[in-house]
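Trainee: Could you take me through a structure with bound ligands, giving the general idea of each feature before the particular case?

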Amino acid sequence: MKILMAASEAIPFCKTGGLADVVGALAQVFGRRGHQVAVMLPKYREVEAAGLPLEAVPGRFLVPVGDNLERASLFKTRCGKAEAYFVDNPKYFDRNGLYGDSAADYADNDERFLFFSRAALEAAKFIDFRPDVIHCHDWETALIPAYLKLLYHTDAFYARTGTLLTLHNLAYQGLFGKDALFLAGFGWTHFTPERLEYYGGFNFLKAGLVYADRLNTVSPSYAKEIQTSAEFGRGLEGVLRQRSGDLAGILNGIDCEVWDPETDQCLPVRYGRANAAEGKAACKKAMRHECGLAGARGPLIAVISRLDPQKGLDLVQEVLPRIVEAGAQLVVLGANGNGHEFREDFRKAAARFPSAVHLHAGFDEPATRRLYAAADLFLMPSRFEPCGLSQMIAMRYGAVPVVTHTGGLADTVFEADGGRENGFVALQATAEDVWAALQRAIAAYSRGKEWSRRVGVAMSADHSWERSAEAYESLYQAVVSSPAFGRG
Ligand code: ADP
Ligand code: GLC
């Protein structure tokens, strides 16, 4: 199949979170499985900084934005088994951040991403890449299905193209005023509750929910949660229920070559399952030295996270003194997100307990690798979690996860499950439950044999993409053979 993967981030070019890992990995997996994959991304400043060789595609094309025509050009590079294309328009994308600077989101994100979504459709025509499926991700590219159904339905180039929209996080919807509707090129006839209107405004994600041929979320549990409660559906649960028959839950995987403690060049000592105890002990010693932490009888607990309320960092704050009292240590590696207050709180905690708590603020992938390897426990008490990759990466590096029972965490971490016990689970996102799970984990850590077994189970869990890739392929087939809307 010809697959156009349209997204706002993808490794190895630009990343703020798990979305980038997933888009980058899927492109490679489908490439390996014989599909022709073109990834379409904005040409952010960060893409240049990634240092991969970019080749300019000769010529330019025009993209309607409101009453104007914006110019766009394309760059491309080969990346493993996929081709990657970058839509260039410096006015929109030559900036410090992907979505905002350290203070706030960019005020023109509606214009930036409606431009990008429409540019992706024009770009595919420009390079004559006629996709069977356009695979869109999150609100930033969720207008593409609406464009195809409402503005490109008479365009022969796209007569046989279907769309899949993957929902990575309902907390981000791209909610704007109705001016954005006209900027996007839609009109009053489209501004109805059944179509694009959302409480008097324009919600990009809703547009995708209404017009994509198929939908999926990134874990089976989250697929259920978002249809059954407003807490998870965030106001879109009604639309999601209407599309229930077209909505699947496919668990994310991780790229087991990218995340492998046996070959990871960032680690002071590399290790596999057989020598995990020695390898991790050496990595932990180096990490303690790096963070200025003392030796300790208890486990080293890691938090590696976007600093966002989603991640339950207030719960980590609440149990932090008890962690220290129990003789354990905590290293927090956090960046991005909307949680400036968390950074301050962890900074204060590190000042209060300098030999037991350390904060590394910033986006630093090599540091995350060293910390996954050094950690005994990986704490992720999310209030909701569409899937979560960090807990899977942690397991691969032998850091046993302590998580809340929600979304993808519930689908990947098991405390008591005949042979699959790979972590510890707090049933509710409360400080009491999280602390109880941590206590069980700390106690298990002190029982050497039981601990090695749990580390072994965690490290051998299969989180590879292959099974999920098949599920995506069936969705692609469904998009092509039985689209939710007529073609042409
Ligand atoms: P989310 O996408 O909600 O942030 P995931 O668990 O799906 O959560 O993915 C997070 C990804 O971002 C993982 O690859 C994780 O290692 C990475 N990450 C988290 N915090 C940092 C950080 N401070 N620096 C670099 N990478 C980070
Ligand atoms: C989102 C979610 C996370 C998921 C990631 C990739 O950022 O918060 O749970 O793993 O997308 O799908």
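Mentor: We will go through the two ligand shells, then one polar contact, then the cysteines. This is a predicted model, in which local features need pLDDT of at least 70 and side-chain atom pairs count only at pLDDT 80 or more, while totals for chains, interfaces and linings use all residues. Residues are numbered from 1 along each chain as its sequence is written, chains are lettered from A and ligands numbered from 1 in the order in which they are written, and side-chain values use heavy atoms, with hydrogens and water left out.

Trainee: How many residues surround ligand 1, and which are the closest?

Mentor: A residue is taken as near a molecule if one of its heavy atoms lies within 4 Å of it. On that basis 23 residues surround ligand 1, the closest being Gly18, Arg306, Lys311, Tyr372 and Ser390. By class, the shell divides into eight nonpolar, eight polar and seven charged residues, where Ala, Val, Leu, Ile, Met, Phe, Trp, Tyr, Cys and Pro count as nonpolar, Asp, Glu, Lys and Arg as charged, and the others, Gly among them, as polar.

Trainee: Which polar atoms of arginine 306, aspartate 21 and glycine 362 lie by ligand 1?

Mentor: A polar contact is a pair of N or O atoms within 3.5 Å; within protein, one must be able to donate a hydrogen and the other to accept it, and residues adjacent in sequence count only if both atoms are side-chain atoms. Polar side-chain atoms of arginine 306 and aspartate 21 lie 2.7 Å and 3.0 Å, respectively, from an oxygen atom of ligand 1, whereas for glycine 362 a polar backbone atom is 3.0 Å from a nitrogen atom of the ligand. The protein covers 94% of the 570 Å² of accessible area that ligand 1 has on its own, areas being computed by the Shrake-Rupley method with a 1.4 Å probe.

Trainee: What surrounds ligand 2?

Mentor: There are 14 residues around ligand 2, with His168, Asn252, Glu385, Cys387 and Gly388 the closest. A polar side-chain atom of histidine 168 lies 2.6 Å from an oxygen atom of ligand 2, and backbone N or O atoms of glycine 388 and cysteine 387 lie 2.8 Å and 3.0 Å from an oxygen atom of ligand 2. Taken alone, ligand 2 exposes 310 Å², of which the protein buries 93%. Its shell consists of six nonpolar, six polar and two charged residues.

Trainee: Where does aspartate 264 lie, and is it buried or exposed?

Mentor: Buried means under 20% relative accessible area, exposed over 50%, and partly exposed in between, with a 1.4 Å probe and protein chains only. Aspartate 264 lies in the loop between β12 (247-249) and α11 (276-291), the helices (H or I, at least four residues) and strands (E, at least two) being DSSP runs numbered from the N terminus. At 5% relative accessibility aspartate 264 is buried, and its side chain makes a polar contact of 2.8 Å with the side chain of arginine 369.

Trainee: How many disulfides are there, and why is cysteine 256 not bonded to cysteine 387?

Mentor: A disulfide is a covalent bond between the sulfur atoms of two cysteines. The cut-off used here is a pair of cysteine sulfur atoms within 2.5 Å, and a search of the whole structure finds zero disulfides. The closest cysteine sulfur to that of cysteine 256 is in cysteine 387, 13 Å away, which is too far for a bond. Cysteine 256 is partly exposed, at 24% relative accessible area, whereas cysteine 283 is buried, at 3%. For cysteine 283, the closest cysteine sulfur is in cysteine 266, at 11 Å, again too far for a bond.
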